[in-house]
Amino acid sequence: MNAIEINNLTKEYKDFKLDDISLTLPSGYIMGLIGENGAGKSTTIKLLLNAINADKGEISILGKSNKDNFKVTKEDIGVVLDEAHFPEGVNAKQVNVIMRNTYKNWDEKVFFEYINKFSLPLKKSFKDFSRGMKMKLMIAVALSHDAKLLILDEATSGLDPIVRDEILDLFYDFTRDESHSILISSHIVSDLEKLCDYIAFLHKGKLLFVEEKDILLEKYRILKCSNAEFDDIDKDAVKGVRRTDYGVEALVLKDKVNNAFKLEKPNIEDIIVFMAKEVK
Ligand SMILES: Nc1ncnc2c1ncn2[C@@H]1O[C@H](COP(=O)(O)OP(=O)(O)OP(=O)(O)O)[C@@H](O)[C@H]1O
């Protein structure tokens, strides 16, 4: 089964269009959604969660259309959103009571284990939490109702590198169960490179690619050469160019470039930065 299937999804605002997005996340895998500010990541996530309506296209989650009795499917989705979504005055103990009445499979033992693991206070009001504490509380909730799919919008932002690393491990452990999957958006590309099996790159509302991470890293290389050498390169091989003082740096398809050239392995950040430059 696929955890998420998106077909030809389109949503238009006055100054922005999420343009004909299609992607599939198979069950058991983690997909990272990368994109610059305003690329359309949160809009995509809101559409997935049926929080806003699409102009066109279909979404299916855990094998069912998100227009078809989504209340039931939602039980199986753990959600962490960029913006906090608990009433300001509540504390962690009260969140437990709210969630016990929200999710059929709510497991308070698991929840309090996470509260303890994340060193969160039990009686402090949510409004007095730091951003990192708020994110941790939302992550604890998302992991405490036996979800099959986690949808995480900037779930690691605001966390320090040590806690981020711990949380990435938790997410990774979550997908050891083959029926568990994660869609996670983040600006922290290195986190996604570490964690994800698939990378989807949104740029100005368009999906520039969705690809297995290992294939991406194998497919591309960074070529450094003089302007004269660059003139002789097959331009179909070139996916992004940066002019430098000594010549050219280019993202190229490894198989289309003569390996007499010095080619360096890119990371995911290199790939998206080069590609974004090509698309106006
Ligand atoms: N309700 C709305 N009405 C009009 N425009 C909107 C609305 N919601 C989002 N947008 C616009 O859609 C575009 C994409 O926004 P979105 O929040 O999806 O981006 P994002 O990739 O999540 O960005 P960030 O990384 O900054 O959170 C932006 O230009 C935003 O202003």
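Two strands are taken to pair if DSSP finds at least two bridges between them. In this predicted model, that criterion frames the description of strand β7, in which Leu-150 stands opposite Gly-78.

## Strand β7 and its neighbours

Strand β6 (residues 77–80) runs parallel to β7 and is joined to it by four bridges, while β7 and β8 also pair in the parallel sense, over five bridges. In the pairing with β8, Ile-151 stands opposite Leu-183.

Why can strand β7 (residues 149–153) be called largely enclosed by the rest of the structure? Five of its five residues are buried, so the strand is largely enclosed. The burial extends to both faces of β7, with Leu-149, Ile-151 and Asp-153 on one side and Leu-150 and Leu-152 on the other. In general, the side chains of a regular strand alternate between the two faces of the sheet.

Setting aside residues up to four places away in sequence, Ile-151 touches Ile-45, Leu-48, Leu-49, Ile-77, Val-79 and Leu-183. Ile-151 and Leu-183 are also among the residues with the most contacts inside the largest nonpolar core, a group that further includes Ile-139, Ala-142, Ile-199 and Ala-200. This core has 72 residues, and helix α5 (residues 131–142) gives the most to it, with seven residues. Both domain 1 (2–204) and domain 2 (217–278) are represented in the core, with at least three residues drawn from each.

## Two open sheets

An open sheet of four strands has the order β2-β1-β4-β5, with antiparallel pairing. Its edge strands are β2 (16–26) and β5 (64–65), each of which pairs on one side only. Strand β1 (residues 2–13) runs antiparallel to β2 and is joined to it by eight bridges, and in this pairing Tyr-13 has Phe-16 of β2 as its bridge partner. Helix α1 (residues 41–48) packs on the sheet, where it touches β1, β2 and β4 (56–61), and its direction makes about 115 degrees with that of β1.

Another open sheet of four strands has the order β12-β13-β11-β14, again with antiparallel pairing. Here β12 (238–243) and β14 (263–264) stand at the edges with a single partner strand each, so one side of each is left without a neighbour in the sheet. The antiparallel pairing of β12 with strand β13 (residues 248–253) extends over five bridges, and Val-241 has Ala-250 in β13 as its bridge partner. Helix α10 (residues 268–278) packs on this sheet, touching β11 (220–225), β12 and β13, and its direction makes about 85 degrees with that of β12.

The strand pairings described above are set side by side here.

| Strands | Sense | Bridges |
|---|---|---|
| β1 and β2 | antiparallel | eight bridges |
| β6 and β7 | parallel | four bridges |
| β7 and β8 | parallel | five bridges |
| β12 and β13 | antiparallel | five bridges |

## Where the domains meet

The chain is divided into domain 1 (2–204) and domain 2 (217–278), and the centres of the two, taken over C-alpha atoms, are separated by 35 Å. Eight residues of domain 1 are in contact with six residues of domain 2. On the side of domain 1 that touches domain 2, the elements that give two or more residues are α7 (189–195) and β9 (198–203). The residues on that side divide into five nonpolar, one polar and two charged.

## Two residues of contrasting exposure

Leu-195 lies in helix α7. Is Leu-195 buried or exposed? With 21 other C-beta atoms within 10 Å, Leu-195 is buried, because the threshold for burial is 20 or more. Leaving aside its neighbours within four places in sequence, Leu-195 is in contact with Ile-30, Gly-32, Leu-168, Phe-171 and Tyr-172. Of these contacts, Ile-30 is 165 residues away along the chain, yet the C-alpha atoms of Leu-195 and Ile-30 are separated by 7.3 Å.

Glu-178, by contrast, is exposed, with 10 other C-beta atoms within 10 Å, and has its place in the loop between α6 (161–174) and β8 (181–185). Not counting residues up to four places away in sequence, Glu-178 touches Ser-27 and Gly-28. Phe-274 is 96 residues from Glu-178 in sequence, and the two are 34 Å apart in space, C-alpha to C-alpha.

Note on methods
Residues numbered from 1 in each chain as written. Predicted model: local features only at pLDDT ≥ 70, side-chain atom pairs only at ≥ 80, totals over all residues. Buried ≥ 20, exposed ≤ 12 C-beta atoms within 10 Å, placed from the backbone. Contact = placed C-beta atoms within 7 Å. Axes fitted to C-alpha atoms, helices over the stretch in contact; angles between N-to-C directions. Core = buried A, V, L, I, M, F, W, Y, C linked by C-beta atoms within 7 Å. Domains from an automatic or database assignment. Nonpolar A, V, L, I, M, F, W, Y, C, P; charged D, E, K, R; others polar.
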